[in-house]
Structure formats: structure tokens, C-alpha cells
Amino acid sequence: KRDEGQYCQADYITVASDFVLKTFKDNGFDCSKIFVNPYGVRIDNFSPLNVEKKYDCIFVGQWCKLKGCEMLIEYFSRNPNLKFIHVGSIGNIKFPQLNNMTHIDAIPEKELVKYYNISKIFVFPSYNDGYGLVLNQAAACGLPIVCSQNCGGASLKRIIADPSSVFIMNDFSIEALNNCVMEAINYTVETVKSYELTWEAYGKRYDRFLKKVKQGNEEN
């Protein structure tokens, strides 16, 4: 109730993704005052490297139910020919003891780039993520992305050079995940850098929005 009151009192609300915007709409809020500004990424820390691809798929982040990791376990147990690597902490699900699934404990952000680059695609079947900064990290490293509808994938498409490299699952099923993985794994990303993906671009979008608001207030 307190949060709802704050949202109603605010002149404007900033969110990072279309998915979050939808949750406001579904709950009856005035969406005309909501500004969607996708997050950025430090492209000095994340970029494509010319290295061997040792894994087919990578997931970065906490290994837990909310991130769809139970689905990942089922999927890769059914597809032993696909090699998967997880980098991050272990949450409320045990990591399986399967020959095609590898776990690496959480590491400093600057070291993640090497793991993204030894993988072919990034998978993120999250059930509920306001955005998912790992999406930007993977995109900056030139990986095709497979993700659910409940994260920042749709918004990411607007700020990367190759929006076709983001494959969004139709639903939370193994079939939907497999369809996207099979498409993504054979996709060659257009690796032109997108400067809309940077934190500087994020700040500029904010600046343009605030100037527009100010101009509107002055005119009124």
C-alpha cells in the first residue's frame, strides 16, 4: 500500500524495461507518466574476444528458481550433447552433477568477459526480472541471447546494433527454450558496437527526458 501511494504521488516513474511497464499497466497505473530507460553496461569491461568457444550456453547470476534454473537443469539433462556453464553463486537449487554442466563460483565483474567469450549463446529464462544487467554484458560480448518475456530482452533490442540476436521465448516451456536455443546457436551476431548500450547513453536518455519534462512545465 505504501509503494502504491508513492507511485500515485510521483509526477513520473522511471523503469528499466517494457516488462516492468507492463506490470504497472496490469495493476491499473497511469502509464503515461512512466519513462522506460534500459540500463547500460561498461563496454570497457565487456567486448568480443577472438577465443575458442568451449561451451554452447552460459548463464551468469545466482542459481535459483526465480531465474528459471530448474528449467535449465531439465533442458540440459535432456540434451547431453550441449555443453553449459554457469558463473555465479548458488541459491535455492543445487547445481546438478551432469557431465555437460559446469559451475564456476562468483568472480569479479572484470573477469566475466572471458567466460562470456568462450560460450556461443547466453540463456536467461527468468520468471521475474526487472531487467537483468547480465543481458547487456552478454550482448556487449557479441553473444546471441535467449531469454524469457519477463526480463529486459525486448527493451535490449532497442539499444543494440543487432536486435535480431535476441530470441525471446513464447512461454516457460522446454519446447520454447529449445526453439530459441536452436535458432540462436546458429546465429552470427553483427558485432558492430552499439553506443546506445553504454551507461553514457543511459544518462543521455535520462537527460533528454528531463529536459522534455522541464520544457513542458515551462510551457504550461
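Here a biologist and a modeller talk through a predicted model.

Biologist: Let's start with strand 4, residues 84-87. Are its faces covered or open?

Modeller: In a regular strand, side chains alternate between the two faces of the sheet. In strand 4, F84 and H86 lie on one side, while I85 and V87 lie on the other. These four residues are all buried, so both faces are covered.

Biologist: Nice! Which residue of strand 5 stands opposite V87?

Modeller: Strand 5 covers residues 101-104 and runs parallel to strand 4, with four bridges joining them. Opposite V87 in that strand stands I104.

Biologist: And what is the hand of the crossover from strand 3 to strand 4?

Modeller: Strand 3 (residues 55-60) also pairs with strand 4 in the parallel sense, and V60 stands opposite V87. Between these two strands the chain passes through helix 3, residues 69-78. This β-α-β crossover is right-handed.

Biologist: Now the interior. How many residues make up the largest nonpolar core?

Modeller: F84 from strand 4 is among the residues with the most contacts inside this core, as are W63 and Y116. Y116 touches V60 and F122, among others. The size of this largest core is 56 residues.

Biologist: Last one: which residue forms a salt bridge with R78?

Modeller: R78 is exposed, at 53% relative accessible area. Its partner is partly exposed, at 34%, and sits four residues away in helix 3, so about one helical turn separates the two. The closest N and O atoms are 2.4 Å apart, and the partner is E74.

Key: Residues are numbered from 1 along each chain as its sequence is written. This is a predicted model: local features need pLDDT of at least 70, side-chain atom pairs count only at pLDDT 80 or more; totals for chains, interfaces and linings use all residues. Side-chain values use heavy atoms; hydrogens and water are left out. Buried means under 20% relative accessible area, exposed over 50%, partly exposed in between (1.4 Å probe, protein chains only). Two strands pair if DSSP finds at least two bridges between them. A crossover is right-handed if, with the strands pointing away from the viewer, the path from the first strand over the helix to the second runs clockwise. A nonpolar core is a set of buried Ala, Val, Leu, Ile, Met, Phe, Trp, Tyr and Cys residues joined through side-chain atoms within 4.5 Å. Contact means heavy atoms within 4.5 Å. A salt bridge is a side-chain nitrogen of Lys or Arg within 4 Å of a carboxyl oxygen of Asp or Glu. Lists of a residue's contacts leave out its neighbours within four places in sequence.
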